Amino acid sequence: VSLPGDPADSAIASVIVNADVSAVNTYDGTQWLSATRNADGTWDTSGGLTSIDSKSAYWVTTSSFAPIEVAIPDRSFTAAPPAIAVVEGWNLLPVNDPGQQAQNTNVAANTYLGAPASATSDAPWIAAVTYDPSTAAYAKVVPGGNVKVGSAYFVYYRADGVIIP
(Lines give C-alpha, C1' and ligand atoms only; values in the text may rest on other atoms or scores of the structure.)
Protein backbone atom coordinates (compact mmCIF):
# COMPACT_ATOMS: atom_id res chain seq x y z
CA VAL A 1 0.00 0.00 0.00
CA SER A 2 0.96 3.62 -0.23
CA LEU A 3 -0.50 6.93 0.86
CA PRO A 4 -1.54 9.58 -1.67
CA GLY A 5 0.10 12.29 0.46
CA ASP A 6 1.97 12.81 3.71
CA PRO A 7 -0.13 12.27 6.85
CA ALA A 8 -0.67 15.08 9.34
CA ASP A 9 1.06 12.91 11.98
CA SER A 10 3.50 10.39 10.47
CA ALA A 11 4.13 8.31 13.63
CA ILE A 12 3.32 4.67 12.89
CA ALA A 13 0.99 4.51 15.92
CA SER A 14 -0.96 7.48 14.53
CA VAL A 15 -1.25 6.13 10.96
CA ILE A 16 -1.81 2.41 11.61
CA VAL A 17 -4.55 2.38 14.24
CA ASN A 18 -6.40 -0.71 12.99
CA ALA A 19 -5.76 -3.46 15.58
CA ASP A 20 -5.98 -6.11 12.81
CA VAL A 21 -2.62 -4.91 11.42
CA SER A 22 0.17 -6.98 12.98
CA ALA A 23 3.20 -5.89 10.95
CA VAL A 24 4.32 -3.19 8.51
CA ASN A 25 7.44 -3.45 6.31
CA THR A 26 9.09 -1.22 3.76
CA TYR A 27 12.13 -1.56 1.51
CA ASP A 28 14.30 1.51 0.88
CA GLY A 29 16.30 -0.01 -2.00
CA THR A 30 19.05 -1.24 0.31
CA GLN A 31 17.35 -2.75 3.36
CA TRP A 32 14.01 -3.83 4.81
CA LEU A 33 12.62 -1.81 7.71
CA SER A 34 9.84 -3.19 9.90
CA ALA A 35 7.52 -2.63 12.82
CA THR A 36 5.43 -5.26 14.57
CA ARG A 37 2.50 -4.93 16.92
CA ASN A 38 3.07 -6.07 20.52
CA ALA A 39 0.45 -8.06 22.45
CA ASP A 40 -0.54 -4.87 24.29
CA GLY A 41 -1.27 -3.07 20.98
CA THR A 42 1.82 -0.84 20.96
CA TRP A 43 4.33 -0.91 18.11
CA ASP A 44 7.79 -2.50 18.34
CA THR A 45 9.88 -0.31 16.03
CA SER A 46 13.22 -1.98 16.73
CA GLY A 47 13.17 -3.06 13.06
CA GLY A 48 13.75 0.60 12.13
CA LEU A 49 10.29 1.60 10.88
CA THR A 50 8.95 4.41 13.08
CA SER A 51 6.91 6.55 10.69
CA ILE A 52 4.76 6.32 7.55
CA ASP A 53 5.04 8.81 4.68
CA SER A 54 4.08 9.16 1.02
CA LYS A 55 7.64 8.61 -0.30
CA SER A 56 7.63 4.95 0.74
CA ALA A 57 5.49 1.93 -0.02
CA TYR A 58 4.48 -0.59 2.64
CA TRP A 59 3.80 -4.30 2.88
CA VAL A 60 1.08 -4.60 5.53
CA THR A 61 0.22 -7.84 7.35
CA THR A 62 -3.39 -7.77 8.50
CA SER A 63 -6.21 -10.17 9.28
CA SER A 64 -8.85 -7.98 7.58
CA PHE A 65 -9.41 -5.85 4.51
CA ALA A 66 -10.35 -2.80 6.61
CA PRO A 67 -8.96 0.35 4.97
CA ILE A 68 -6.17 2.42 6.48
CA GLU A 69 -7.75 5.81 7.06
CA VAL A 70 -5.48 8.72 7.90
CA ALA A 71 -5.74 12.51 7.81
CA ILE A 72 -3.73 13.89 4.88
CA PRO A 73 -3.64 17.69 4.73
CA ASP A 74 -3.87 19.46 1.37
CA ARG A 75 -0.52 20.31 -0.21
CA SER A 76 0.27 23.97 -0.55
CA PHE A 77 0.91 25.33 -4.03
CA THR A 78 4.22 26.72 -2.77
CA ALA A 79 5.46 23.31 -1.57
CA ALA A 80 8.16 21.64 -3.65
CA PRO A 81 6.93 18.57 -5.51
CA PRO A 82 7.81 15.30 -3.81
CA ALA A 83 10.91 13.54 -5.10
CA ILE A 84 11.44 9.82 -4.59
CA ALA A 85 14.98 8.48 -4.95
CA VAL A 86 15.39 5.17 -6.76
CA VAL A 87 18.44 2.94 -6.81
CA GLU A 88 19.76 0.61 -9.46
CA GLY A 89 17.95 -2.68 -8.93
CA TRP A 90 14.65 -3.38 -7.19
CA ASN A 91 12.76 -0.61 -5.37
CA LEU A 92 9.46 -0.77 -3.46
CA LEU A 93 7.67 2.36 -4.63
CA PRO A 94 4.44 4.08 -3.68
CA VAL A 95 2.01 5.56 -6.15
CA ASN A 96 0.86 8.82 -4.69
CA ASP A 97 -0.45 11.95 -6.23
CA PRO A 98 0.30 15.52 -5.20
CA GLY A 99 -3.22 16.37 -6.39
CA GLN A 100 -4.45 13.73 -3.94
CA GLN A 101 -6.75 11.93 -6.33
CA ALA A 102 -8.91 9.14 -4.99
CA GLN A 103 -7.29 5.81 -4.20
CA ASN A 104 -7.24 3.37 -7.14
CA THR A 105 -7.07 6.17 -9.74
CA ASN A 106 -5.08 4.95 -12.76
CA VAL A 107 -1.88 6.82 -13.64
CA ALA A 108 0.21 6.12 -16.75
CA ALA A 109 3.17 3.99 -15.63
CA ASN A 110 5.59 5.66 -18.06
CA THR A 111 4.65 9.09 -16.72
CA TYR A 112 4.84 8.11 -13.05
CA LEU A 113 7.85 5.75 -13.10
CA GLY A 114 9.83 7.61 -15.74
CA ALA A 115 10.60 6.71 -19.33
CA PRO A 116 10.79 2.95 -19.93
CA ALA A 117 14.15 1.31 -20.53
CA SER A 118 16.25 2.57 -23.40
CA ALA A 119 19.95 2.96 -24.01
CA THR A 120 19.71 6.74 -23.59
CA SER A 121 17.50 7.24 -20.53
CA ASP A 122 19.12 8.03 -17.17
CA ALA A 123 17.01 5.96 -14.77
CA PRO A 124 14.92 3.65 -16.93
CA TRP A 125 12.52 1.22 -15.34
CA ILE A 126 12.40 -2.14 -17.00
CA ALA A 127 9.98 -4.15 -14.86
CA ALA A 128 7.25 -3.50 -12.31
CA VAL A 129 5.23 -5.96 -10.22
CA THR A 130 2.41 -5.46 -7.72
CA TYR A 131 0.52 -7.78 -5.39
CA ASP A 132 -3.26 -7.83 -5.08
CA PRO A 133 -4.30 -9.33 -1.72
CA SER A 134 -7.93 -9.72 -2.81
CA THR A 135 -6.86 -12.20 -5.52
CA ALA A 136 -3.63 -13.36 -3.81
CA ALA A 137 -1.82 -12.82 -7.11
CA TYR A 138 1.09 -10.81 -8.45
CA ALA A 139 0.60 -8.74 -11.61
CA LYS A 140 3.24 -7.38 -13.96
CA VAL A 141 3.01 -3.81 -15.25
CA VAL A 142 4.43 -3.23 -18.70
CA PRO A 143 5.54 0.04 -20.31
CA GLY A 144 2.40 1.72 -21.57
CA GLY A 145 0.33 0.22 -18.73
CA ASN A 146 -1.08 1.88 -15.64
CA VAL A 147 -0.27 2.02 -11.94
CA LYS A 148 -2.85 2.87 -9.28
CA VAL A 149 -2.79 5.59 -6.63
CA GLY A 150 -2.61 3.93 -3.21
CA SER A 151 -0.89 0.80 -4.48
CA ALA A 152 2.75 -0.21 -4.19
CA TYR A 153 5.06 -1.65 -6.82
CA PHE A 154 8.37 -3.46 -6.91
CA VAL A 155 10.13 -1.64 -9.76
CA TYR A 156 13.49 -2.53 -11.31
CA TYR A 157 15.62 0.41 -12.45
CA ARG A 158 18.73 0.11 -14.58
CA ALA A 159 20.36 3.12 -12.83
CA ASP A 160 20.00 5.37 -9.78
CA GLY A 161 17.69 8.34 -10.23
CA VAL A 162 14.69 10.28 -8.94
CA ILE A 163 11.01 10.15 -9.83
CA ILE A 164 8.71 13.09 -9.24
CA PRO A 165 5.04 12.08 -9.10
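A nonpolar core is a set of buried Ala, Val, Leu, Ile, Met, Phe, Trp, Tyr and Cys residues joined through side-chain atoms within 4.5 Å. In this predicted model, the largest nonpolar core has 17 residues. Those with the most contacts inside the core are Leu93, Tyr112, Leu113, Trp125, Val147, Val155 and Tyr157. Strand S5, helix H2 (109-113), strand S8 (125-132) and strand S11 (152-157) each supply at least two residues of this core. A second core, separate from the largest one, has 12 residues, among them Val21, Leu33, Trp43 and Leu49.

## Overall make-up

The protein has 165 residues, and 35% of them are buried. Its secondary structure comes to 2 helices and 12 strands. Along the sequence these elements follow the pattern α-β-β-β-β-β-β-β-α-β-β-β-β-β. Of the contacts between residues at least 6 apart in sequence, 70% join residues at least 24 apart.

## The four-stranded sheet

Four strands form an open sheet in the order S3-S2-S1-S4, and the pairing is antiparallel. Strand S3 (43-44) and strand S4 are the edge strands, each pairing on one side only. The table lists the pairings within this sheet.

| Strand pair | Sense | Bridges |
|---|---|---|
| S1 and S2 | antiparallel | 5 bridges |
| S1 and S4 | antiparallel | 4 bridges |
| S2 and S3 | antiparallel | 2 bridges |

Strand S1 is mostly covered, with 5 of its 7 residues buried. Alanine 23 stands opposite threonine 36 in S2, and alanine 23 also stands opposite threonine 61 in S4. S1 and S2 form a hairpin with 4 residues between them. In the turn of this hairpin, glycine 29 has a positive phi of about 95 degrees. At the S2 and S3 pairing, arginine 37 has tryptophan 43 in S3 as its bridge partner. Tryptophan 43 is also listed in the second core, as Trp43.

## Tyrosine 112 and proline 82

Tyrosine 112 is among the residues with the most contacts inside the largest core. What does tyrosine 112 contact, leaving aside its neighbours within four places in sequence? Its partners are Ile84, Pro94, Val95, Asn96, Val107, Val147, Ile163 and Pro165. One of these, Val147, is likewise among the core residues with the most contacts.

Isoleucine 163 also appears in a C-alpha separation with proline 82. The two residues are 81 residues apart along the chain, and their C-alpha atoms are separated by 8.5 Å. Proline 82 is placed in the loop between strand S4 (59-62) and strand S5 (84-86). Is proline 82 buried or exposed? Its relative accessible area is 11%, which is under the 20% limit, so proline 82 counts as buried.

## Serine 54

Serine 54 sits in the loop between S3 and S4. Because its relative accessibility is 5%, serine 54 counts as buried. Its side chain makes a polar contact with the side chain of aspartate 6, at 2.8 Å. Not counting residues up to four places away in sequence, serine 54 touches Leu3, Gly5, Asp6, Ile84, Pro94 and Asn96. Ile84, Pro94 and Asn96 also figure among the residues in contact with tyrosine 112.

## Alanine 136

Alanine 136 lies in the loop between S8 and S9. It has a positive phi of about 55 degrees although it is not a glycine. Is alanine 136 buried or exposed? Its relative accessibility is 55%, over the 50% limit, and therefore alanine 136 counts as exposed.

## The largest pocket

About 1100 Å³ of space lies in the largest pocket. How many residues line the largest pocket? The lining has 38 residues, and Val1, Tyr131, Pro133, Gly150 and Ser151 lie nearest the centre of the pocket. Strand S1 (21-27), S4, S8, strand S9 (137-141), strand S10 (146-148) and S11 each supply at least two lining residues. The largest share, 4 residues, comes from S8.

Some elements recur in these descriptions. S8 and S11 supply residues to the largest core, and S8 and S11 also supply residues to the lining of the largest pocket. S1 and S4, which are joined by 4 bridges, supply lining residues too.

Terms used: Residues are numbered from 1 along each chain as its sequence is written. This is a predicted model: local features need pLDDT of at least 70, side-chain atom pairs count only at pLDDT 80 or more; totals for chains, interfaces and linings use all residues. Side-chain values use heavy atoms; hydrogens and water are left out. Buried means under 20% relative accessible area, exposed over 50%, partly exposed in between (1.4 Å probe, protein chains only). Two strands pair if DSSP finds at least two bridges between them. Contact means heavy atoms within 4.5 Å. A polar contact is a pair of N or O atoms within 3.5 Å; within protein, one must be able to donate a hydrogen and the other to accept it, and residues adjacent in sequence count only if both atoms are side-chain atoms. On a 1 Å grid over the protein atoms alone, a cavity is a set of points where a 1.4 Å probe fits but cannot get out, and a pocket is an open set with protein on both sides within 12 Å along at least five of seven lines; lining residues have an atom within 4 Å of a point. Grid points are joined across faces, edges and corners, and a volume is the space filled by probe spheres set on the points.
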